[in-house]
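These are notes for a colleague on a single chain and its ligand. The ligand site comes first, then the domain arrangement.

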Amino acid sequence: MKAVQVIGYGDVDQLKVTDIPIPKPKEHEVLVQVKACAINNTEIWMREGAYGKGEKSGWRPEGVQFPRTPGSDITGKVVQVGSQVYETMLDKDVVLFPFTSSGEEGQEHIAGDMSFIGSEYDGGYAEYVVWQAELCFDMPLDDYTKSCVFSVSGMTAWHMVEQVKPKPGETVIVTGANGGVGSLNVQIVSNVFGADVIALVGDLKLEEHMKELGATHVLSYKSNKLEEEILSANGGPVDTVLDVVGDALFSTSLNVLKKGGKFCTSGSSGGQKTELDFRTLYLKHITMYGSVLGTREEFKRMLRAISDNKIKPVIDRTFPLEEAKEAQQYFKKSGKKGKIVLIP
Ligand SMILES: NC(=O)c1ccc[n+]([C@@H]2O[C@H](COP(=O)([O-])OP(=O)(O)OC[C@H]3O[C@@H](n4cnc5c(N)ncnc54)[C@H](OP(=O)(O)O)[C@@H]3O)[C@@H](O)[C@H]2O)c1
């Protein structure tokens with residue numbers, strides 16, 4: 001089968017289009033013919049070794065075993081089942097829950113042995129992938145490309161929002177609001193939880209698009225009066241910040257949070273390290289939440305919200321699998337509208 005593999009830490013030249021054998025499903029696994037695979041920053045940082053603090057490493061400290069087929073947001077058709085899997089799974093259109101873990105239900109995402117498809121297992125930059133049958137769920141929409149874009153960014157967004165539990169009448173700032181995670185944060189906060197959203201984007205040409213997704217106000221993070229604009233749009237400080245940007249918007253976020261406000265972080269597109277004056281945190285009674293992915297139950301709740309049309313796929317563009325290099329370079333560009341998808 002055709003696959004794109006990462007052959008070592010480094011730049012996009014470490015991605016190689018290659019032919020490798022079709023994998024065989026073990027007893028509890030299925031073989032999925034990949035129809036679409038969305039791109040995440042995860043596999044870019046995996047290739048760059050950017051998860052390591054100092055040393056290059058994967059997101060697990062022991063590093064990545066190369067060659068590795070990346071890709072974790074996968075939809076496709078089950079074409080073969082392992083010996084312990086019911087044949088009724090054959091021909092099913094599925095979306096893959098992206099990691100394994102021995103963690104108890106509700107704690108899967110914080111278990112020490114959490115292992116990720118596309119990082120510890122070969123993933124979806126390929127024509128076929130094997131995965132545990134019990135981690136394959138019915139596709140939420142009648143379209144492979146539209147259904148593949150939620151797994152990692154959607155579950156991350158869903159878990160962030162469930163942690164901070166916004167209520168109608170409250171205001172939530174969503175940073176990186178035009179990106180993969182942010183565009184889902186906007187929709188989940190507004191369309192599922194009923195709170196108001198201030199969406200922060202770079203380019204205000206995206207205003208209409210963000211309002212269609214559910215944003216109440218859209219502001220540019222490039223403005224040198226951003227704090228004032230936020231306070232004026234909301235008529236005062238905000239209840240919560242859902243952040244994927246990190247350093248670039250950290251002090252602004254803390255400054256515009258109300259006393260008793262919540263700050264939830266799951267990413268650092270705008271800088272991994274920052275300065276913090278502890279007084280801001282304790283004098284304002286701010287609660288901080290760290291967030292990685294989510295649980296299987298959250299994944300199922302998210303799939304239901306997608307089937308119910310409460311959250312919609314936002315797809316900037318697709319690339320053929322062979323153009324994975326170009327697709328990853330494009331992913332890094334500013335001003336995208338949602339997700340980038342590879343089609344084998
Ligand atoms: N914890 C988890 O489980 C998890 C899961 C998925 C992703 N993540 C992380 O979340 C982050 C976002 O991922 P994504 O898939 O949403 O990426 P993405 O689609 O590339 O979106 C990145 C967003 O960040 C904004 N941004 C970048 N630099 C900025 C800056 N200096 N100031 C303000 N905004 C800036 C971008 O705005 P412009 O387009 O205007 O540049 C864009 O809206 C990444 O760090 C990723 O690793 C974490």
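**Ligand site and domain interface**

1. A polar backbone atom of S266 lies 2.9 Å from a nitrogen atom of the ligand. The model is a predicted one, and this distance, like the others below, should be read as coming from a prediction.

2. Two further backbone approaches involve ligand oxygen. For G180, a backbone N or O atom is 2.8 Å from an oxygen atom of the ligand. For S268, a polar backbone atom is 3.0 Å from an oxygen atom of the ligand. On its own the ligand has 930 Å² of accessible area, and the protein covers 87% of that.

3. Which residues are closest to the ligand? They are N41, N178, S334, G335 and K336, out of 26 residues that surround the ligand.

4. The chain is divided into two domains: domain 1 takes in 2–148 + 314–343, and domain 2 takes in 154–290. Domain 1 is therefore written as two segments, as the automatic or database domain assignment sets the bounds. The C-alpha centres of the two domains are 28 Å apart.

5. How many residues of each domain are in contact with the other? There are 13 from domain 1 and 13 from domain 2. Between them the domains bury about 870 Å², with carbon and sulfur atoms giving 63% of this area. On the domain 1 side, W45, V314 and K337 supply 43% of the area buried against domain 2, more than any other three residues.

6. As for polar links between the domains, zero salt bridges are found across the interface. Three residue pairs are in polar contact there, both partners at pLDDT 80 or more. The side of domain 1 that touches domain 2 has six nonpolar, four polar and three charged residues.

Notes:
Residues are numbered from 1 along each chain as its sequence is written. This is a predicted model: local features need pLDDT of at least 70, side-chain atom pairs count only at pLDDT 80 or more; totals for chains, interfaces and linings use all residues. Side-chain values use heavy atoms; hydrogens and water are left out. Contact means heavy atoms within 4.5 Å. Buried area is the accessible area (1.4 Å probe) that two parts lose on being put together, summed over both. A salt bridge is a side-chain nitrogen of Lys or Arg within 4 Å of a carboxyl oxygen of Asp or Glu. A polar contact is a pair of N or O atoms within 3.5 Å; within protein, one must be able to donate a hydrogen and the other to accept it, and residues adjacent in sequence count only if both atoms are side-chain atoms. Ala, Val, Leu, Ile, Met, Phe, Trp, Tyr, Cys and Pro count as nonpolar, Asp, Glu, Lys and Arg as charged, and the others, Gly among them, as polar. A residue is near a molecule or strand if one of its heavy atoms lies within 4 Å of it. Accessible areas come from the Shrake-Rupley method with a 1.4 Å probe; for residues, only the protein chains shown count as cover.
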